[in-house]
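Visitor: I have a structure open in front of me. Please show me how to read its features one by one.

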Amino acid sequence: MTRLFDRVRPAVVNGLRELQANKVRSLLSMSGIILGVASLVAMVTVVQGMVGNFRQFVDAMGGIEKITVVREQLPKEQEHLAELSEGLTMRDVERIRRTVPLVRNISPEARVGYEKIVVDGRETNTYVTGVTSDYLPVAKRWVEPDQGRFVSDLDVLNMTDVIVLGSAVIPELFAPNVDPIGQVVKVRGRRFTVVGILNNIEGTGMQIRSANSRSSGGAWRWRNSGAFIPVSTALTKYNGNDRLSGLGLRIADPEQLRDAVDQTERTMLAAHKGLRDFSISTNEQTLEDFRKTEAAFKLSLGGVAGISLFVGGIGIMNVMLASINERIREIGVRKAVGARGSDLFLQFLAEAAVVSVVGGLIGLVVSVGIVTLMNFILTQALPTGAVATLDWVIMGEGLAFSVVIGLIAGVYPALRAAKLDPIEALRHE
Amino acid sequence: MPPLITIRGLRKTYRMGDENVHALDGVDLDFQKGEFVAILGPSGSGKSTLMHILGFMDTPSEGSIVFDGEEVARLDPDRRAWYRSHRVGFVFQAFNLLPRLTVVENVALPLLYRDNSDPEANLAAARAALERVGMSHRLDHRPGQLSGGERQRVAVARAIVGTPSIIFADEPTGNLDVKNVDRVLELLGSLIKEGITVVLVTHDLSVAEKAHRVISMRAGLVQEDRVR
């Protein structure tokens, strides 16, 4: 081992020397490796950043453990049975609660509509939805202790006229010095008492950055707006029927998502007499779609990076061959004074490796620049800020990749050098 | 004392098109330790082929070579490299110093390829060899900064740095002016005092005359072997 090191060390020193002696040529031969490593590292980093950002997005939508059931038009073959469809109702909530134990929380939702909310001459428009107390765990939301309370089971039971507002609605309805809790607002002429304010998503631990966006809250604004009233109030006092717009289910164990979906679907079909007047979706599908996109991204970008690394390898091989042609005499001299074929093989392989390592290092520096620039652009363009952070592992892999390419590219030229006949080489002009 | 090298029936045949060319056509010679020999002959006489074979750069087609008691006519390339690194030194007409290395690094080069090579010890040996040829004032120069005579002395230092048994000097004065010709030949001649066999390979009679023994070659055969 030490003997090998003793042989490699002078070869590496020699490689650095050659690099220094032929700066421009070396830089040109490195350009493929530089581009390859830079694009590989930058792209993988940015794609990973996007994935991370999307995970947060999925989490904000209720996470992987959320199942959404919505009302649907009947499929064509069942259209003639439309009169039998009773839609989603509170009875479905009870059925699922009884027969699907995997589901921990069920949040029935009855959309009232995009309504004008009025208070003392101020007004704003937002979505008003009828919900139960289960909305919070299903949507992964909460009410801060000093921000009142959410819709309670008693509110639902008694059809009370209470309302919980999203944090983005508050500044549009109330002056900063007014405590919204206990105030009375009007929705379509009906008076509601504000009992709570939902937590503000901005600035939570989810690292969702929106400071740069023009409207406060940015893309997450929809999460911070909205108004919530008891589902019973919404159904009886506004909608005039018992049809829910959707159900949000939260399961106990994400691992059992598929089972929970299957059980829910069977329960629903049985209860609806076989009518497919609903659809079930999960964030898993969204996540899966994204994973596919991610894989496609990685594949195509990896392909681009792979091609440039391949071209980089060819570049290095080309320059090594040219370099060997120029140094045939040197090879002859080295052989004449006692170098074995393997010594020259090592020397030229080390030179190729040195070129590719230096190229790889420059590529890493370039990739840092690219990622910084992309972060800057992305935070400008996307309020959610797909911020990618450089990962040492990825950078290490990029560098290792360049070394491998250099070694592969160096083998053929190094073999040629090793096999040169010393007498012929010394005669070479 | 047994000869350093004994060669018997040495032949080297090349295939050129449809013809076989006999570069060496049955050569028998002995070289003693500490001998100053010139091999004289026109181009095509076989003198270079003989030098390459004796210098472990090439192998004969037929015949025997006993070097220091060991039969060496058919060694594998790595073993021949070992001999070049440990037993043989070369001095070339074109100096063949590596332009990117300093003088002292050029001289240390043969030691680089030995097992257990130690960079510090190599440089020390190189400095000693340069001292021997009177070039210790130019250690860190590049070959390009030296005159022809100086370069050839550096080349001689490189040839002796590994304490070889034999040095082959292939037209060592071909690129030198008159003053340096004498100086380099004198230097080479002086090496025999250290027990080194020096073989001058030349087509120039006046150069060959400096040696103590002149072997004349023609058409792959030894024509004359005379001790002066």
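The dialogue below goes from whole chains to strands, helices, a loop residue and the contact between the chains.

Guide: Keep one thing in mind from the start. This is a predicted model.

Visitor: Begin with chain A. How many helices and strands are there in chain A?

Guide: Chain A holds 14 helices and 9 strands.

Visitor: What does the radius of gyration say about chain A?

Guide: Compare the radius with what the globule rule gives for that length. For chain A the radius is 33 Å, and the rule gives 22 Å for 429 residues. The value is well over the rule, so chain A is more spread out than a compact globule. The box tells its own story. Along the principal axes, the C-alpha atoms of chain A fill roughly 105 × 55 × 40 Å.

Visitor: And what does the radius say about chain B?

Guide: Start with the elements. Chain B has 7 helices and 10 strands. Its radius of gyration is 17 Å, close to the 17 Å from the globule rule for 228 residues, so chain B is as compact as a globular protein of that length. The C-alpha trace of chain B spans about 50 × 45 × 40 Å along its principal axes.

Visitor: What percentage of each chain is buried?

Guide: In chain B, 47% of the 228 residues are buried. In chain A, 41% of the 429 residues count as buried.

Visitor: How do I read contacts along the sequence?

Guide: Take contacts between residues at least 6 apart in sequence. Then ask what share joins residues at least 24 apart. In chain A that share is 82%. In chain B it is 70%.

Visitor: Now strands. What holds a sheet together?

Guide: Strands of a sheet pair through backbone hydrogen bonds, and the pairing is either parallel or antiparallel.

Visitor: Which strands pair with β8(A)?

Guide: Strand β1 of chain A, residues 66-71, pairs with β8(A) in the antiparallel sense over 5 bridges. Strand β2 of chain A, residues 103-119, also pairs with β8(A) in the antiparallel sense, over 6 bridges. To find the register, look for partners. V69(A) has L247(A) in β8(A) as its bridge partner. I106(A) has L249(A) in β8(A).

Visitor: Is β8(A) mostly covered or mostly open?

Guide: Mostly covered. Strand β8(A) runs over residues 246-251, and 5 of its 6 residues are buried.

Visitor: What is the strand order in the open sheet of chain B?

Guide: The order is β2-β1-β4-β5, 4 strands with antiparallel pairing. Next, find the edges. β2 (19-31) and β5 (70-71) of chain B each have a single partner strand, so one side of each is left without a neighbour in the sheet. Further in, β1(B), residues 5-16, and β4(B), residues 62-67, pair over 5 bridges in the antiparallel sense. There, I7(B) stands opposite I65(B) in β4(B).

Visitor: Which helix packs on that sheet?

Guide: Helix α1 of chain B, residues 47-54, touches β1 and β2 of chain B. The direction of α1(B) makes about 60° with that of β2(B).

Visitor: How do I read a helix pair?

Guide: Look at axis distance, angle and handedness. The axes of α3(B) and α5(B), residues 148-160, come within 7 Å and cross at roughly 35°. The crossing of α3(B) and α5(B) is right-handed. From α3(B), V103(B), N106(B), V107(B), L109(B) and P110(B) meet V154(B), A157(B) and R158(B) of α5(B). The residues of this contact divide into 6 nonpolar, 1 polar and 1 charged.

Visitor: Where does A339(A) lie?

Guide: A339(A) sits in the loop between α11 (328-336) and α12 (341-381) of chain A.

Visitor: Why does A339(A) count as buried?

Guide: Burial here needs 20 or more other C-beta atoms within 10 Å. A339(A) has 26 such neighbours, so A339(A) counts as buried. Leaving out residues up to four places away in sequence, A339(A) touches R334(A), L344(A), A81(B) and Y113(B). A339(A) and P422(A) are 83 residues apart in sequence and 10.0 Å apart in space, C-alpha to C-alpha.

Visitor: That list reaches into chain B. How many residues of the two chains are in contact?

Guide: 19 residues of chain B are in contact with 18 residues of chain A. On the chain B side, α2 (77-86) and α3 (103-112) each supply at least two residues. α2(B) gives the most, with 5 residues. By class, the chain B side has 9 nonpolar, 4 polar and 6 charged residues.

Conventions: Residues numbered from 1 in each chain as written. Chains lettered and ligands numbered in written order. Predicted model: local features only at pLDDT ≥ 70, side-chain atom pairs only at ≥ 80, totals over all residues. Contact = placed C-beta atoms within 7 Å. Nonpolar A, V, L, I, M, F, W, Y, C, P; charged D, E, K, R; others polar. Rg over C-alpha atoms; globule rule 2.2 N^0.38 Å. Buried ≥ 20, exposed ≤ 12 C-beta atoms within 10 Å, placed from the backbone. Axes fitted to C-alpha atoms, helices over the stretch in contact; angles between N-to-C directions. Left-handed = near helix turned anticlockwise from the far one by under 90°. Pairing = 2+ DSSP bridges.
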